[in-house]
Amino acid sequence: MASDWIKVRTVLPTDGRLRVVSRKCHALTVTVFGALVTLWCLADSHADESGELIGYTPDDIDALVGVPGFSAALPKDWIDLSGEFVKLPEYQEHNGTSGKARAQAAKR
């Protein structure tokens, strides 16, 4: 576990990619936003150095966030479903220990 917080950009709720996922899943954008943050909280605790969530399949993620089809609807640069388990490309760079350290340093 990197720490007890994750970095979320303030423009994320209005990001067009969230609207696309929202339409594909027939869910409110705010619901998709919450699902994405829930996924990132899971990754913060359980993703390995490569961003892989060992043991988690797309169906597991969809059940966790409560949005059917969520994993498949995410942009390919946000999620990789090609392996045995779900992988979040570059997750550790953005929200892992080093990413959080950079964020804290920039804030100072």
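Among contacts in the chain between residues at least 6 apart in sequence, what percentage join residues at least 24 apart? In this predicted model, the share is 62%. The chain holds six helices and zero strands, and its elements follow one another in the pattern α-α-α-α-α-α. Of its 108 residues, 37% count as buried. The points below treat the surface, the second helix, the nonpolar core, the salt bridges, the loops and the cysteines in turn.

**Overall surface**

- The chain exposes about 6,300 Å².
- Carbon and sulfur atoms supply 56% of that exposed area.

**Helix α2**

- Helix α2 covers residues 29-46, a run of 18 residues.
- At 1.5 Å a residue, α2 should span 26 Å, and its end C-alpha atoms lie 25 Å apart, so expectation and model agree.
- The buried residues of α2 are T29, V32, A35, L36, V37, L39, W40, L42, A43 and D44.
- An α-helix has 3.6 residues a turn, so residues three or four places apart point the same way.

**Nonpolar core**

- The largest nonpolar core has 27 residues.
- Within this core, the residues with the most contacts are L36, L39, L53, F70, L74 and L88.
- At least two core residues come from each of α1 (16-25), α2, α3 (58-65) and α4 (70-73).
- Helix α2 provides the largest share of the core, namely eight residues.
- L53, one of the residues with the most contacts inside the core, touches L39, L42, A43, H46, A47, I61, F85, V86 and L88, not counting residues up to four places away in sequence.
- Among these partners of L53, the residues L39, L42 and A43 are also listed as buried in α2.

**Salt bridges**

- A search of the whole structure finds three salt bridges.
- D15 and R9 meet through their side chains in a salt bridge, with an N to O distance of 3.3 Å.
- R17 also forms a salt bridge with D15, and the closest N and O atoms of this pair are 2.7 Å apart.
- R17 meets D77 in a further salt bridge, at 3.7 Å from N to O.
- R17 lies in helix α1 and D77 in the loop between α4 and α5, so this pair ties together parts that are 60 residues apart in sequence.
- Through shared partners, the salt bridges join R9, D15, R17 and D77 into one network.
- D15 has 13% relative accessibility and therefore counts as buried, since the cut-off for buried is under 20%.
- The other members of the network are partly exposed: R9 has a relative accessible area of 45%, R17 stands at 30%, and D77 has 48%.

**Loops and backbone**

- H26 lies in the loop between α1 and α2.
- H26 has a positive phi of about 55°, although it is not a glycine.
- With a relative accessible area of 75%, H26 is exposed, because the cut-off for exposed is over 50%.
- E90 is placed in the loop between α4 and α5 (91-95).
- E90 likewise is not a glycine, yet its phi is positive, at about 60°.
- T57 lies in the loop between α2 and α3, and at 28% relative accessibility T57 counts as partly exposed.
- T57 and E84 are 27 residues apart in sequence, while their C-alpha atoms are 7.5 Å apart in space.

**Cysteines**

- A disulfide is a covalent bond between the sulfur atoms of two cysteines.
- With a cut-off of 2.5 Å between cysteine sulfur atoms, the count comes to zero disulfides.
- C25 has 11% relative accessibility and counts as buried.
- C41 has 40% relative accessibility and counts as partly exposed.

Terms used: Residues are numbered from 1 along each chain as its sequence is written. This is a predicted model: local features need pLDDT of at least 70, side-chain atom pairs count only at pLDDT 80 or more; totals for chains, interfaces and linings use all residues. Side-chain values use heavy atoms; hydrogens and water are left out. Buried means under 20% relative accessible area, exposed over 50%, partly exposed in between (1.4 Å probe, protein chains only). Helices (H or I, at least four residues) and strands (E, at least two) are DSSP runs, numbered from the N terminus. The expected span of a helix is 1.5 Å times one less than its number of residues. A nonpolar core is a set of buried Ala, Val, Leu, Ile, Met, Phe, Trp, Tyr and Cys residues joined through side-chain atoms within 4.5 Å. Contact means heavy atoms within 4.5 Å. A salt bridge is a side-chain nitrogen of Lys or Arg within 4 Å of a carboxyl oxygen of Asp or Glu. Accessible areas come from the Shrake-Rupley method with a 1.4 Å probe; for residues, only the protein chains shown count as cover.
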